[in-house]
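Work through the exercises below with the sequence and the coordinates open. Each task is followed by its solution.

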Amino acid sequence: MVFSSLFGKRPTEPEPPESPAPEQPKRSLFDRMRQAVTRTRESLSESISSVVALTREIDQASLDQLEPRLLAADIGSATTAIIMENLRQRALRTGIESGAQLQQILKAELKQILDGVARPIQHPSAPPEVILMVGVNGTGKTTTTGKLANLYRTQGRSVLLCAADTFRAAAIEQLEVWAQRSGVPVIKTKQGGDPSAALYDALAAATSRGTDVMIADTAGRLHTKTDLMKELDKMRRTAEKLVPGAPHQTFLVMDATTGQNGLQQARLFTEAARVTGIVLTKLDGTAKGGIVLAIATELKLPVVYAGIGEKIDDLIPFDSTAFIDSLVGA
Ligand SMILES: Nc1nc2c(ncn2[C@@H]2O[C@H](COP(=O)(O)OP(=O)(O)OP(=O)(O)O)[C@@H](O)[C@H]2O)c(=O)[nH]1
Ligand SMILES: [Mg+2]
C-alpha cells in the first residue's frame, strides 16, 4: 500500500495533458477556496469582527453573539455546541484577551474538528484504483466524475470512466460529454441495462489496459429506495470480485446548498453504503460552507474534494488549513 496525505501537496507537479487547455491562469488553491467560501465568510466574519474589532477582553456576552452566526453558517447545532463550550471554558479559565486571540482560538478549534476525521488515502499497490461515486439525485455526481477524470489526468494518471447510471434518460450521454472533455474513454451499457454489467466490463477493460483509475458514475438514489440500494451492493460485490480491495474509494457526493437536510440524507446514506469520503459540491455561491464542520462531527468523514463551480477544473482537493483561513481569516 502506498499512503499519501489527503490534504498534502502533490509530490510532483505533473505535465498537463494536451487537452483540455486551462481556461485561465491557475490560481492558488487558497485563492480558489477563498473565492468559493466568500458568502459563508461574509456572514460569519461580520459577527466575528463585531466581536473581534473590540480590543478589550472577550466576555461571555460577546461569545453569546458568536453562537447564532455559527449556526447560520450551517456549522450545525451539535458542532456549534462543542465549539461554544470550549470557548466558554477557555474564557472562564484563562480569559480571552482580545478579539484577535478569539479568532486564533476559534481557528484551532475548527482545525481540530476537521483534522480529527482526516485519513490518508490508500492507493492500491497495483492498478486499477476503483472509485464509486454515489449520492442522492442531482448532487453533482456526473459533473464531479468528469472533473475528477480531468484532475487525475493532469496528475499524469490514466483514467477510465464507467457509465453505471443506466436509470436516468440521457445520463450516459451526459457522462460521455464529460469523458470527451477530459480526454478519457468511457465504458457503457444501454439505458435500462444492469449497472453491474457495465461495471464488470469497465473493470475488465481497466485491468487489461493497466488503467490507473476507474471511476464509476452511479444513478442518484435515496437511501430509502431498497432496490436501488441493493443495486449499489451488487456493484460493490462485482468490484470486490474482480479487483482485490475494490472499491478502494466510495465518494458520497453532497450538495453544500442543501445544508442540514442534505446532511440528514447523507447520514442515512453512509449507514447503507460504505462511504469513505465526501465530495462537497456547489460550495461556490452558498453561505452554508460551515456544513464541512458538521460533516466532520456528525458523519465522522472527511471532505476530500470540493466542487466550486460548473467548469471542468472547478474541483479542488480539500485542504483544512486553506478552508479555515478562508473562512475566519489567515
Ligand atoms: N455551481 C456549481 N454547480 C455544480 C457543481 N457541481 C455540479 N453542479 C451542477 O449541478 C447540477 C447537477 O449535476 P449532475 O452532475 O448532473 O448531478 P448528478 O448527481 O449526477 O444528478 P443525477 O444523476 O440526476 O442524480 C448541474 O447543473 C451541474 O452543473 C459545483 O460544484 N458548483
Ligand atoms: Mg448523474
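The exercises treat a predicted model and cover its ligand site, a salt bridge and some backbone features.

**Exercise 1. Describe the shell of residues around ligand 1.**

Step 1. Collect the residues with a heavy atom within 4 Å of the ligand. The shell around ligand 1 holds 19 residues, and the closest are Lys 141, Thr 142, Thr 143, Asp 284 and Glu 310.

Step 2. Sort the shell by residue class. The division is 11 polar, 7 charged and 1 nonpolar.

Step 3. Assign the shell to secondary structure. Helix H6, residues 141–154, supplies the largest share with 4 residues.

**Exercise 2. Find polar contacts made by oxygen atoms of ligand 1, then state how much of the ligand the protein buries.**

Step 1. Apply the cut-off of 3.5 Å between N or O atoms.

Step 2. Take the side chains. Lys 147 places a polar side-chain atom 3.4 Å from a ligand oxygen.

Step 3. Take the backbone. A polar backbone atom of Gly 307 is 3.3 Å from an oxygen atom of ligand 1. For Ile 308, a backbone N or O atom lies 3.5 Å from an oxygen of ligand 1.

Step 4. Turn to the area. Ligand 1 taken alone exposes 650 Å², of which the protein buries 80%.

Step 5. Place the ligand among the pockets. The space that ligand 1 takes is the second largest pocket.

**Exercise 3. Which parts of the chain does the salt bridge between Arg 88 and Glu 67 tie together?**

Step 1. Check the pair against the 4 Å limit for a side-chain nitrogen and a carboxyl oxygen. The N to O distance between the side chains of Arg 88 and Glu 67 is 2.8 Å, and they form a salt bridge.

Step 2. Locate both residues. Glu 67 belongs to helix H3 (residues 60–72) and Arg 88 to helix H4 (residues 77–93), so the bridge ties together parts 21 residues apart in sequence.

Step 3. Give the total. By the same rule the count is 12 salt bridges.

**Exercise 4. Examine the backbone at Pro 128, Pro 247 and Ala 170.**

Step 1. Recall the usual case. Most peptide bonds are trans, and most residues other than glycine have a negative phi.

Step 2. Read omega. The bond from Pro 127 to Pro 128 is cis, with omega near 0 degrees. Ala 246 and Pro 247 are also joined by a cis bond, with omega about -10 degrees.

Step 3. Read phi. Ala 170, not a glycine, has a positive phi of about 75 degrees.

Step 4. Locate the residues:
- Pro 128 is in the loop between strand S2 (121–123) and strand S3 (129–134).
- Pro 247 is in the loop between helix H9 (226–242) and strand S7 (249–255).
- Ala 170 is in the loop between strand S4 (159–164) and helix H7 (171–182).

Methods. Residues are numbered from 1 along each chain as its sequence is written. Chains are lettered from A and ligands numbered from 1 in the order in which they are written. This is a predicted model: local features need pLDDT of at least 70, side-chain atom pairs count only at pLDDT 80 or more; totals for chains, interfaces and linings use all residues. Side-chain values use heavy atoms; hydrogens and water are left out. A polar contact is a pair of N or O atoms within 3.5 Å; within protein, one must be able to donate a hydrogen and the other to accept it, and residues adjacent in sequence count only if both atoms are side-chain atoms. Accessible areas come from the Shrake-Rupley method with a 1.4 Å probe; for residues, only the protein chains shown count as cover. On a 1 Å grid over the protein atoms alone, a cavity is a set of points where a 1.4 Å probe fits but cannot get out, and a pocket is an open set with protein on both sides within 12 Å along at least five of seven lines; lining residues have an atom within 4 Å of a point. A molecule sits in a cavity or pocket if more than half of its atoms lie within 2 Å of its grid points. Helices (H or I, at least four residues) and strands (E, at least two) are DSSP runs, numbered from the N terminus. Ala, Val, Leu, Ile, Met, Phe, Trp, Tyr, Cys and Pro count as nonpolar, Asp, Glu, Lys and Arg as charged, and the others, Gly among them, as polar.
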